[in-house]
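Work through the exercises below with the model open. Each task is followed by a stepwise solution.

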Amino acid sequence: LNFTVKSSEIKTAVSPNMWGIFFEDINLSADGGIYAELVKNRSFEFSTPLMGWSIPKEAAAGGQVLIVNRREADAANPRFAKVTVTGTRNFALVNEGFRGMGIKAGEQYNFTVYARQQRATPVQLTVTLLDESGKAIGSTTVSPTGNSWQQYKGSFTAAATVPRAKLQVEFSGPGVVDVDMISLFPQHTWKERPNGLRADLVQLLADLHPGFLRFPGGCIVEGKELTNRYQWKKTVGDVNERTVIINRWNNEFAHRAAPDYFQSFGLGFFEYFQLSEDIGASPLPILNCGMACQFNSGEVVAVNELDPYIQDALDLIEFANGDVTTKWGALRSKMGHPAPFHLKMMGVGNEQWGPQYVERYTIFAKAIKDKYPDIKLVNSLGPSPDGDKFTFLNDTLRKLNADILDEHYYSAPEWFLSNAARYDSYDRKGPKIFAGEYAAHNKAVANGGNKNTWQCALAEAAFMTGLERNADVVVMASYAPLLAHVDGWQWAPDLIWFDNLRSYGTPNYYVQKLYANNKGNSVVPIVKDNQPISGQDSVYASAVVDNATGELVVKLVNAASTPKPVAVSIQGAKNIATTGRLITLQSNDLQELNSLDQPTRISPEEKSIAIKGKTIRTEIAPWSFYVIRTKIK
Ligand code: AHR
């Protein structure tokens with residue numbers, strides 16, 4: 001197969017926001033996942049106040065726990081636990097963690113609790129991590145004094161590695177003590193931050209060098225009904241005052257029921273902005289546009305009551321970019337970040353559709369653009385490509401001169417293969433495209449049997465050649481969803497899987513990583529037999545130039561079961577190095593997967609490749625993705 005690359009004919013610049021990541025708290029991604037808190041329902045705000053907590057039989061006779069609601073005094077965090085200890089024996093509460101607590105031998109764990117004593121005889125707390133057989137693997141004591149709320153701390157080093165530990169809090173009296181925000185964090189978090197994130201998971205994200213971070217979702221932005229929509233203002237400031245709500249994915253899909261899925265918002269908008277900055281990604285928040293999830297209630301806010309929603313959007317821009325003298329800039333500064341977060345774009349609505357979306361978006365857009373004309377707005381084009389909903393919004397929003405249209409496609413691998421040239425013929429003058437959510441699904445969407453097979457990853461790699469070639473139209477792209485706990489997921493496939501201690505990137509992750517780490521700066525034309533690339537002979541291709549290293553980067557995908565001899569002739573370069581780097585991702589089994597036990601079964605391998613004259617010759621293996629980098633002048 002003969003390809004020609006015109007290495008000096010710069011077609012277009014690669015968007016600095018290519019390739020990005022989509023974060024949503026689905027599959028225990030936040031609480032129980034990347035947010036390193038180990039205690040589930042630390043503030044007793046789940047719909048069943050003691051969900052996640054139990055009273056060991058032998059401790060039940062030692063006292064009692066009462067959940068007290070002080071909504072008038074503290075609407076954000078109304079409940080606390082009042083523990084009465086009789087004194088004849090100790091009382092105890094045990095927390096089960098999200099799916100247990102992942103504990104590592106030799107690591108320090110930090111316990112905190114808010115407490116106040118209610119009697120002159122103080123109650124002491126002995127805090128113990130228990131392994132799966134009930135054996136203590138670490139312990140500390142805290143001795144609250146005084147009758148006003150105060151935070152108390154204790155630390156210990158764990159004696160064993162345990163994937164599903166529990167935390168026991170034993171109360172010795174007699175006396176009465178009020179407790180709230182019972183928390184346990186590992187000392188080692190990403191950048192060692194208190195209230196921090198799981199370092200292994202953030203590292204996997206950082207290794208992608210993502211161009212943007214979209215947050216907080218997904219359908220979670222919408223909520224099943226408007227009361228439980230995502231409201232960023234309730235996720236910033238003091239962690240103790242962030243209002244817990246039910247997660248939109250609570251109990252979704254029968255194959256993995258999760259009635260205990262809530263959002264503590266310990267990972268809130270400040271932390272999302274901070275994470276974006278840490279990993280070099282542009283922040284891309286998506287806000288509710290006055291519409292709940294249309295797959296569920298379809299509840300919308302009355303148009304004449306849209307103002308608070310719009311104010312949230314305006315205030316978010318001030319929170320991210322405003323100087324420290326502004327109300328919301330001052331809060332950002334108080335939270336530890338006086339410098340702005342450089343927000344440049346924002347999504348209005350997730351997967352909405354119909355005239356009701358257009359009506360609300362138009363009001364949003366006017367208010368935002370009037371005050372912040374430089375902020376680019378991202379618009380939803382609904383849940384799936386090319387249907388009636390999509391066509392209506394696509395036509396309407398183009399007429400409204402939208403900035404960026406967000407297309408979602410969860411489809412069969414064949415769809416991705418046959419849509420690799422989708423953007424070749426898109427309107428160049430209209431809005432830019434954000435491929436905001438995509439993943440190849442072997443089975444129907446929402447079928448629990450979907451897996452991150454090599455077949456899916458390969459189809460995505462083929463499709464992405466088309467995104468890359470059309471960088472003048474497609475400015476952002478993100479696989480979705482991002483994270484999934486092996487014991488607590490609702491949706492598959494997902495880019496990264498983890499349990500309480502381990503994590504791994506799927507073959508799809510390595511496809512994303514190869515694109516993101518080899519994105520170059522400028523797209524250059526590549527043709528096959530002088531024809532545009534459209535997956536002829538099941539081979540897909542794209543090419544970019546990397547100015548920083550002076551390299552031409554060619555990507556080739558062979559979606560066939562047979563090897564393909566390939567010649568890539570390089571035009572427009574005077575000198576071409578005699579060797580290059582060949583990075584391959586390949587498997588002879590389309591159904592092959594990575595796993596916690598075999599995390600890198602399908603992962604990139606690198607070797608050098610000899611180049612004779614101005615042509616790269618190689619045979620691309622069956623079912624493979626090749627990245628070839630070579631210096632040119
Ligand atoms: O990624 C999972 C879900 O898929 C997202 O929440 C939603 O936007 C889409 O339907």
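**Exercise 1. A strand pair and its sheet**

Find the sense in which strand E18 and strand E19 pair, and place the pair in its sheet.

Solution. This is a predicted model.
- Step 1. Locate the strands: E18 covers residues 282-287 and E19 covers residues 345-348.
- Step 2. Read the pairing. The two strands run in the parallel sense, over two bridges.
- Step 3. Look for a facing residue. Ile286 stands opposite Gly347 in E19.
- Step 4. Add the helix. H4 packs on the sheet and touches both E18 and E19. The direction of H4 makes about 160 degrees with that of E18.
- Step 5. Widen the view to the sheet. It is open, has eight strands and shows parallel pairing. The order is E3-E15-E18-E19-E20-E21-E22-E23.
- Step 6. Close with the edges. Strand E3 (21-22) and strand E23 (474-479) each pair on one side only.

**Exercise 2. Helix H4 against helix H6**

Describe how H4 and H6 pack, and sort the residues of their contact by class.

Solution.
- Step 1. Take the bounds: H4 spans residues 307-321, and H6 spans residues 355-371.
- Step 2. Take the geometry. The packing angle is about 30 degrees, and the axes lie 10 Å apart.
- Step 3. Assign the hand. The crossing of H4 and H6 is right-handed.
- Step 4. List the partners. H4 supplies Ile310, Ala313 and Leu314. H6 supplies Ile363, Phe364, Ala367, Ile368 and Lys371.
- Step 5. Sort this contact. There are seven nonpolar residues, no polar ones and one charged.

**Exercise 3. Helix H4 against helix H5**

Are H4 and H5 oblique or parallel to each other?

Solution.
- Step 1. Helix H5 covers residues 327-334.
- Step 2. The axes of H4 and H5 come within 7 Å and cross at roughly 45 degrees.
- Step 3. Angles under 35 degrees count as roughly parallel, and 65 to 115 as roughly perpendicular. H4 and H5 are therefore oblique to each other.
- Step 4. The hand of this crossing is right-handed.
- Step 5. From H4, Asp315, Glu318 and Phe319 take part. They meet Trp328, Gly329, Leu331 and Arg332 in H5.
- Step 6. By class, the contact of H4 with H5 holds three nonpolar residues, one polar and three charged.

**Exercise 4. Backbone exceptions**

Locate two cis peptide bonds and a positive phi.

Solution.
- Step 1. Recall the background. Most residues other than glycine have a negative phi, and most peptide bonds are trans.
- Step 2. Check Met18 and Trp19. A cis peptide bond joins them, with omega about -20 degrees. Trp19 sits in the loop between strand E2 (12-13) and E3.
- Step 3. Check Gly173 and Pro174. Their peptide bond is cis too, with omega about 15 degrees. Pro174 is in the loop between strand E13 (162-172) and strand E14 (175-186).
- Step 4. Turn to Met181, which is in strand E14. Its phi is positive, near 50 degrees.

**Exercise 5. Two domains in contact**

Give the domain bounds, then describe the contact of domain 2 with domain 3.

Solution.
- Step 1. The assignment gives domain 1 as 2-13 + 523-631, domain 2 as 26-35 + 190-518, and domain 3 as 53-186.
- Step 2. The C-alpha centres of domain 2 and domain 3 are 36 Å apart.
- Step 3. Domain 2 gives 15 residues to the contact, and domain 3 gives 13 residues.
- Step 4. The side of domain 2 that touches domain 3 has three nonpolar, seven polar and five charged residues.

Note on methods:
Residues are numbered from 1 along each chain as its sequence is written. This is a predicted model: local features need pLDDT of at least 70, side-chain atom pairs count only at pLDDT 80 or more; totals for chains, interfaces and linings use all residues. Domain bounds come from an automatic or database domain assignment. Two residues are in contact if their C-beta atoms, placed from the backbone, lie within 7 Å. Ala, Val, Leu, Ile, Met, Phe, Trp, Tyr, Cys and Pro count as nonpolar, Asp, Glu, Lys and Arg as charged, and the others, Gly among them, as polar. Axes are lines fitted to C-alpha atoms, for helices over the stretch in contact, and angles run from 0 to 180 degrees between N-to-C directions. Helices (H or I, at least four residues) and strands (E, at least two) are DSSP runs, numbered from the N terminus. A crossing is left-handed if the near helix is turned anticlockwise from the far one by less than a right angle, and right-handed if clockwise. Angles under 35 degrees count as roughly parallel, over 145 as roughly antiparallel, 65 to 115 as roughly perpendicular and the rest as oblique. Two strands pair if DSSP finds at least two bridges between them.
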